[in-house]
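Here is a short briefing for a first look at a protein chain. Keep the sequence and the 3D view open while you read.

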Amino acid sequence: MSNIRPYLKKIWLAEFDGACSNDVLVMRNKDTTKCSTEFLINLLKRQAFFDFVMQDVNGAKMPRGKKNHIMDYKVYIPDIKVQKTMLRQVEAMEGEIAACQTRLNELYSKTSEIVKSYLM
């Protein structure tokens with residue numbers, strides 16, 4: 001998670017090992033048998049998390065979240081089976097969103113073609 005300007009909501013689930021800037025907070029899931037990493041990242045992507053982070057920041061122009069404050073964020077973790085069910089539902093919705101975005105892009109292209117044909 002980017003620690004600079006947390007209101008920009010820059011959070012990413014790494015798919016590989018590597019290094020990062022000092023301005024990035026690295027969070028690791030300690031026990032994947034109790035909490036799915038994908039479930040955890042979805043919890044942290046919520047507006048409520050970023051609102052919590054913004055409650056206690058340093059700086060006005062480029063606010064930075066306070067690590068100790070961020071670590072105090074509390075979440076309810078349901079049973080792992082419930083988490084997996086929820087994740088399947090989220091993945092299905094994200095798939096629908098992606099399909100709709102693709103369709104919107106296609107329609108935008110067609111609109112541009114129609115406008116060009118009348119202007120030329």
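The points below go from the whole chain to single residues.

This is a predicted model. The chain has 120 residues. Its secondary structure comes to four helices and two strands.

**Fold and order**

- Read from the N terminus, the elements run α-α-β-β-α-α.
- The two strands therefore sit between two pairs of helices in the order of elements, counting helices and strands as numbered from the N terminus.
- Helix α1 covers residues 37-44, and α2 covers 47-54.
- Helix α3 spans residues 67-71, while α4 spans 80-119.

**Overall dimensions**

- The radius of gyration of the chain is 20 Å, whereas a compact globule of 120 residues would have one near 14 Å.
- Along the principal axes, the C-alpha atoms fill a box of roughly 60 × 45 × 30 Å.
- Of the contacts with a separation of 6 or more, 62% join residues 24 or more positions apart.

**Surface and charge**

- About 9600 Å² of the chain is exposed.
- Carbon and sulfur atoms supply 56% of that area.
- Buried residues make up 21% of the chain.
- The chain carries 19 positive and 14 negative charges. The mean positions of the two groups are 5 Å apart.

**Helix α1 and its partners**

- Which residues of α1 are buried? They are Phe 39, Ile 41, Leu 43 and Leu 44.
- The buried residues of α1 pack against α2 and α4.

**Met 27**

- Met 27 lies in the segment before α1.
- Its relative accessible area is 37%, so Met 27 counts as partly exposed. The class runs between the 20% and 50% cut-offs.
- Beyond its neighbours within four places in sequence, Met 27 is in contact with Met 1, Leu 44, Phe 49 and Ile 70.
- One of these partners, Leu 44, is among the buried residues of α1.
- Val 57 is 30 residues from Met 27 along the chain, and the C-alpha atoms of the two are separated by 18 Å.

**His 69**

- His 69 has its place in helix α3.
- Is His 69 buried or exposed? His 69 is buried, because its relative accessibility is 14% and the cut-off for buried is under 20%.
- Leaving aside neighbours within four places in sequence, His 69 touches Phe 52, Val 53, Gln 55 and Asp 56.
- Two of these, Phe 52 and Val 53, fall within the residue range of α2, 47-54.

**Cysteines**

- Cys 35 is buried, because its relative accessibility is 7%.
- Cys 100 has 49% relative accessibility, so it counts as partly exposed. Exposed would require over 50%.
- The count of disulfides is zero.

**Backbone angles to check**

- Most residues other than glycine have a negative phi.
- Arg 5 has a positive phi, near 50°, and is not a glycine. Arg 5 is in the segment before α1. At 29% relative accessibility, Arg 5 is partly exposed.
- Lys 9 also has a positive phi, about 60°, without being a glycine. Lys 9 is found in the segment before α1. With a relative accessible area of 40%, Lys 9 is partly exposed.

Key. Residues are numbered from 1 along each chain as its sequence is written. This is a predicted model: local features need pLDDT of at least 70, side-chain atom pairs count only at pLDDT 80 or more; totals for chains, interfaces and linings use all residues. Side-chain values use heavy atoms; hydrogens and water are left out. A disulfide is a pair of cysteine sulfur atoms within 2.5 Å. Buried means under 20% relative accessible area, exposed over 50%, partly exposed in between (1.4 Å probe, protein chains only). The radius of gyration is taken over C-alpha atoms; the globule rule is 2.2 Å times the number of residues to the power 0.38. Contact means heavy atoms within 4.5 Å. Accessible areas come from the Shrake-Rupley method with a 1.4 Å probe; for residues, only the protein chains shown count as cover. Lys and Arg count as positive and Asp and Glu as negative; His and the chain ends are not counted. The place of a charge is taken as NZ of Lys, CZ of Arg, CG of Asp or CD of Glu.
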